[in-house]
Amino acid sequence: MKRSTALGALILIGALSLGVKAYQPPAADAPKVIEVEKVKDNLYVLRGGGGNTAVFLTATGVVVVDAKNPGWGKPILDKIKELTPKPITTLINTHTHGDHVSGNVEFPATIDFVAQENTKANMEKMPIFKEHNGVGMTKRTFKDKMTIGKGADQIDLYYFGPGHTNGDAWVVFPALRVVHAGDIFANKGLPLIDGDNGGSVLHIHESLTKAHSGIKNVDTIINGHTPKNTTWADLQEFADFNHEFLTWAEGELKAGKTPAQAATEWKLPAKYVGYSATVPALFGGLEGRIKRLQDELKK
Ligand SMILES: [Zn+2]
C-alpha cells in the first residue's frame with residue numbers, strides 16, 4: 001500500500017468513526033414527509049417542508065396555495081395524487097419567500113400561477129426562477145382583490161397592505177369559511193418582517209385589522225407555519241398584539257433608546273396566552289424589527 005493511500009484510508013476510517021456520532025443527513029437527502037390534515041371534504045392542509053400548503057378540490061381541478069422549500073414540489077404533487085385524480089389547474093403563492101414558492105418550479109409549466117403584483121416583482125428577483133427558465137413564475141396578478149371561479153369553487157384573493165412583505169395575499173374559500181393567511185399571520189408571536197421585500201412593522205397591524213373587517217364569514221385560518229389552524233378571533237387578537245408591540249417600540253424610540261437597547265427590554269404581555277416569547281433570529285431578531293420601524297418612521 002502506498003503511503004498516500006494508507007493515509008487516505010486512515011483519514012477515511014477517522015471520518016467514518018466520527019461520522020457515526022456526528023453525521024446528520026443533509027436536508028436535501030432527508031425523507032420528505034408531508035402530513036395531511038383534512039379541513040373540509042374538498043380542502044386539505046399539507047404540512048412539512050416549509051410553509052403550510054392548501055389543496056382545494058374544485059369541479060374542474062385542483063387549486064394549490066404555496067409550494068414549500070426547494071425540492072418539495074414533487075412530494076406535494078405525489079401527495080395530491082393520493083387525494084384526487086383531478087388535474088392541477090392553479091398554484092397561488094401567498095408571498096415571495098423561498099419556503100412558499102420554491103416548489104413552484106416542479107409544477108406543470110402549463111398551469112395558472114397567481115400572486116399579488118408586488119409578490120410577482122419580488123419573485124422575479126429570485127435566482128430559482130431564472131435557473132428554471134421562468135417555470136413557476138407568476139402568470140396572473142392582482143392588486144387589491146380578485147375572484148377565481150364561482151359558487152362552491154369560488155376563491156377570493158385580497159391584499160390589505162404591507163406586513164410580512166409588501167405582497168401578502170389572503171386566499172379565501174368563501175363556501176368553506178376558510179382563509180389561508182400565509183405568513184402575515186404565520187404563527188402566534190412577533191412576526192417576521194422582511195424589510196427588503198417591503199414588509200412593515202409600522203403598518204402590519206393595520207393590514208391585519210383591514211383583513212379582519214374586510215373579509216366576511218370566515219371561521220378557520222390556515223396560518224403560514226402553525227401545526228394547527230387558528231380562528232377568526234385569533235386574527236383580531238394577533239392584530240391587537242402587533243398594535244401593542246408597535247406602540248411599545250415607538251415609545252422606546254421616542255425615549256431615545258437605540259433598537260439594541262430597546263430589544264433587551266421587551267417582554268411578552270401576559271394576556272397573549274399561547275404566544276411565543278422568543279423572537280426568531282431571522283431579519284435581525286427583535287433588534288432588527290425595531291430598526292425596521294425606526295427606518296420606516298424616518299420616511
Ligand atoms: Zn415568509
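Which residue stands opposite Val171 in β10? In this predicted model, the residue facing Val171 is Leu157. That pairing is a handy way into the sheet, so let's start there and work out to the metal site and the empty spaces.

**The sheet around β10**

The sheet is an open one with six strands, ordered β8-β9-β10-β11-β12-β13, and its pairing is mixed. At the edges sit β8 (145-148) and β13 (230-231), each of which pairs on one side only. In general terms, strands of a sheet pair through backbone hydrogen bonds, either parallel or antiparallel.

Now look at β10 and what flanks it. β9 and β10 run antiparallel and are joined by three bridges. On the other pairing, β10 meets strand β11 (residues 178-182), again in the antiparallel sense and over three bridges. Val171 has a bridge partner in β11 too, namely His180. Towards the end of the sheet, β12 (residues 220-223) pairs with β13 in the antiparallel sense over two bridges, and Ile221 has Thr230 in β13 as its bridge partner.

| Strand pair | Sense | Bridges |
|---|---|---|
| β9 and β10 | antiparallel | three bridges |
| β10 and β11 | antiparallel | three bridges |
| β12 and β13 | antiparallel | two bridges |

Are the faces of β10 covered or open? Both are covered: Trp170 and Val172 are buried on one side, and Val171 and Phe173 are buried on the other. The hairpin of β10 and β11 has four residues between the strands, and there Arg177 takes a positive phi near 60°.

**The zinc site**

Which residues hold the zinc ion? The ion is coordinated by His95 through NE2, His97 through ND1, His164 through NE2 and Asp183 through OD, at 2.2 to 2.3 Å. Along the chain these donors follow the spacing H-x1-H-x66-H-x18-D. His97 lies in the loop between β5 (88-92) and α3 (98-101), while His164 lies in the loop between β9 (155-158) and β10 (170-173), so this pair ties together parts that are 67 residues apart in sequence. Both His97 and His164 are buried.

As for geometry, the angles among the four donor atoms run from 82 to 172°, and the site is irregular. Why not tetrahedral? Four donors count as tetrahedral only if all angles lie between 85 and 135 degrees, and the angles here reach 82 and 172°.

**The pocket and a loop residue**

The largest pocket holds about 170 Å³ of space. Its lining is made up of 14 residues, with His164, Asp183, Ala186, Leu192 and His225 nearest the centre. Two of those names, His164 and Asp183, also appear among the zinc ligands. Sorted by class, the pocket lining has eight nonpolar, four polar and two charged residues.

Ala186 leads us to Thr226, a residue in the loop between β12 and β13. The C-alpha atoms of Thr226 and Ala186 are 6.6 Å apart in space, although the two residues are 40 apart in sequence. Is Thr226 buried or exposed? Thr226 has a relative accessible area of 9%, so it counts as buried, the cut-off being under 20%.

**The closed space**

There is also one cavity of 30 Å³ or more in the structure. The largest cavity holds about 50 Å³ of space. Its lining consists of Leu190, Pro191, Ile193, Val201, Ile204, Asn242, Phe245 and Arg289, which divide into six nonpolar, one polar and one charged.

Terms used: Residues are numbered from 1 along each chain as its sequence is written. This is a predicted model: local features need pLDDT of at least 70, side-chain atom pairs count only at pLDDT 80 or more; totals for chains, interfaces and linings use all residues. Side-chain values use heavy atoms; hydrogens and water are left out. On a 1 Å grid over the protein atoms alone, a cavity is a set of points where a 1.4 Å probe fits but cannot get out, and a pocket is an open set with protein on both sides within 12 Å along at least five of seven lines; lining residues have an atom within 4 Å of a point. Grid points are joined across faces, edges and corners, and a volume is the space filled by probe spheres set on the points. Ala, Val, Leu, Ile, Met, Phe, Trp, Tyr, Cys and Pro count as nonpolar, Asp, Glu, Lys and Arg as charged, and the others, Gly among them, as polar. Two strands pair if DSSP finds at least two bridges between them. Donors are N, O and S atoms within 2.8 Å of the metal (3.2 Å for Na, K and Ca); water is not among the atoms, so sites may look incomplete. Four donors count as tetrahedral if all angles lie between 85 and 135 degrees; four count as square planar and six as octahedral if opposite donors are over 155 degrees apart and all others between 65 and 115; anything else is irregular. Buried means under 20% relative accessible area, exposed over 50%, partly exposed in between (1.4 Å probe, protein chains only).
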